[in-house]
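Got your viewer open? Here is a short walk through the model, one selection at a time.

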Amino acid sequence: MKLNSPFSRRAILRGGTAAFALTAPIGIGPRFLNIRTALAADALAPGMIGGPTGFDGAQRYQYGPDSPEGRAIEAVKVMKGAGKATKIVAMMSEVAIGQLTKPFPAGAPTVKDLWEKETGITLELVSVPSDAVFTKALQDIATKEGAFDIYVTEWNRLGDLAESNGIQNLDEFRTKYKPEWDDPERGYVGGAQGVSLLNEYRGSAYGVSLDGDFQCWVYRKDLFEDDKERQAFKAKYGYELDYPKTWKQLDEAAAFFHRPDQGLLGCTDLRNQAWGYPNWYQRFVSSAAPNQFLFDDDGTPLINSKQGINAAKEYVDTLAYHSPDAISWGWPEQYGNMTKGGAAMTCAFSNMPKFIDNPANADSVVKGKLNTSFSPGREIDGALIRRSVLWFSITATVSNQSKNTELAYLFLQWLGSSRIFTWMIANPAGYGFDPFQLANMTDPLVAEMYHDYHLKTIRETIKRSVPTINFAGATALHNALDENLLGALTKSKTPEEAMADTEREWKRIIRKLGEDRFVEAVRANKAAWPTLTDPIA
């Protein structure tokens, strides 16, 4: 069965009007934002050498010479002056390209125009359908066409691209130009662990993250705070109704609110192919303290275990409080349902409140009624283990066929550093990039889009998130898991059989990949896993 890309055009079309929740806000521009847009002087703040101008607050995104953005720009100017650089060609997902090519807020330049003005280097952005970015990159690598300096693909493809020798190891450039990804005030949430999670493969930097696709939980606070609901829940379960801290509490709250005859589903975390298994992941990886790993240090799969079987059983049993069509639901149906107030809870990409809980979405009946939190978990050894996952997520890499890999890297350091990236993700002209840096979490423009309550959730979710598989063979390994979980959901096999069959297929895939390199990747990947636990009380 084919692994469908999360931003497939076909998925949007299948969703029909349900897709409105995501697609409608793209054109809203800044008119709903509570910010001043009076034009500022076209000048930089004292000590700044670059950054956007023309709007109130622009100085937040400006930078001095001793900053990641400044070092990148100054180095590019030297290259340009020496005649070593003229143009960059970057593949860009069609869902994100508007955030570089449309001005925001009023009076601002575009990201693309600012880069070209400051460096004199032409930036050619090639829009590629989101479900074709990885295929397009592999085609460019295999044919040695060299059409791109930069590939922008799903994060889970990082290992496959690195092992194909198609992308550049960025360690040398990282050492030379100091991107400060782990800066304690502005850098990645989680510091070095966050950098390992988002940018590294086998201990080296191969990507520059442009996205934070961490799975976040969204719930109807109007339901959870309703006095009648709270009294009825306590009478039935014997404890106070609140956002669930454990999977058991989530299952009970979802069962309590599941009223399909009233148009209300208990929970709609996805169960369909290609989208659903990150929700199996969350239940599995929270089954040991501080983490239940997918593989042992010798590369042995650990899913055919009581933890894996229990997670699969829960994954199947929880269909009881989902839609009868849950196995075929993708994000268009999920987002559309929540827009109409059709569920008490769900787990989604971090952009759900951005599109559903905003004044511009005329179809939304849940504006002002949502809240978010991080994943439920399990009580183990005196601690509460709550884990979410990073899934999909847009990552930029430098093609080994580029005639100037250093220039391509410098553009990514500039684009992915905290000032330019924060300004870019606040732009509603695309929905490909989401917050993951500390600087993003306190920025007024970003807060207008994502809401203060949700930025706190995103930050705390990242601290508790584990990687899905991103080393070589990720597609094959995920497809095997996906198909066997689907078999369990459709009752063609038991949860026990699903995990046993997945283990057998994973072992075969690992042998084909090469066990030594696979083990090396598994061990290096441990640096990306969090150790944070929560108190039970």
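## The whole chain first

Start with everything shown: of the chain's 537 residues, 63% count as buried. Keep in mind that you are looking at a predicted model. In cartoon view you should find 24 helices and 14 strands. Turn the C-alpha trace along its principal axes and it spans about 70 × 55 × 45 Å. The radius of gyration is 23 Å, which agrees with the value near 24 Å that a compact globule of 537 residues would have.

Now switch on the surface. The chain exposes about 19700 Å², and carbon and sulfur atoms supply 50% of that area. Colour by charge next: there are 59 positive and 65 negative side chains, with the centres of the two sets 1 Å apart. As for contacts with a separation of 6 or more, 75% of them come from residues 24 or more positions apart.

## An enclosed helix

Select residues 192–199, which make up helix α9. Is this helix enclosed or open? Since 7 of its 8 residues are buried, α9 is largely enclosed by the rest of the structure. The buried ones are Q193, G194, V195, S196, L197, L198 and N199.

## Around helix α11

Move on to residues 227–237, helix α11, and pick out K236. Its relative accessibility is 55%, so K236 counts as exposed. Want a long ruler line? Measure from K236 to M424: their C-alphas are 48 Å apart in space, and the two residues are 188 apart in sequence.

Next, show the aromatic rings. The structure holds 32 aromatic pairs. One of them is F233 with Y239, an edge-to-face pair at 5.2 Å centre to centre and with 85° between the planes. How covered are the two partners? F233 has 1% relative accessibility and therefore counts as buried, while Y239, at 25%, counts as partly exposed.

Widen the selection to Y219, F224, F233, Y237, Y239, Y243, F256 and F257, and you have one aromatic cluster.

## A pair that bridges the sequence

For the last stop, select F355 and Y431. They also form an edge-to-face pair, with 6.0 Å centre to centre and 85° between the planes. F355 sits in helix α16 (residues 352–356) and Y431 in the loop between α18 (418–425) and α19 (438–441), so this pair ties together parts 76 residues apart in sequence. Hide the surface to see them properly: both F355 and Y431 are buried.

Terms used:
Residues numbered from 1 in each chain as written. Predicted model: local features only at pLDDT ≥ 70, side-chain atom pairs only at ≥ 80, totals over all residues. Heavy atoms only, no water. Buried < 20%, exposed > 50% of the residue type's maximum accessible area, 1.4 Å probe, protein only. Helix = DSSP H or I, 4+ residues; strand = E, 2+ residues; numbered from the N terminus. Rg over C-alpha atoms; globule rule 2.2 N^0.38 Å. Contact = heavy atoms within 4.5 Å. Areas by Shrake-Rupley, 256 points an atom, 1.4 Å probe, with all protein chains shown as cover. Lys, Arg positive; Asp, Glu negative; His and termini not counted. Charge placed at Lys NZ, Arg CZ, Asp CG, Glu CD. Phe/Tyr/Trp six-rings, centres within 6.5 Å; stacked < 30°, edge-to-face > 60°.
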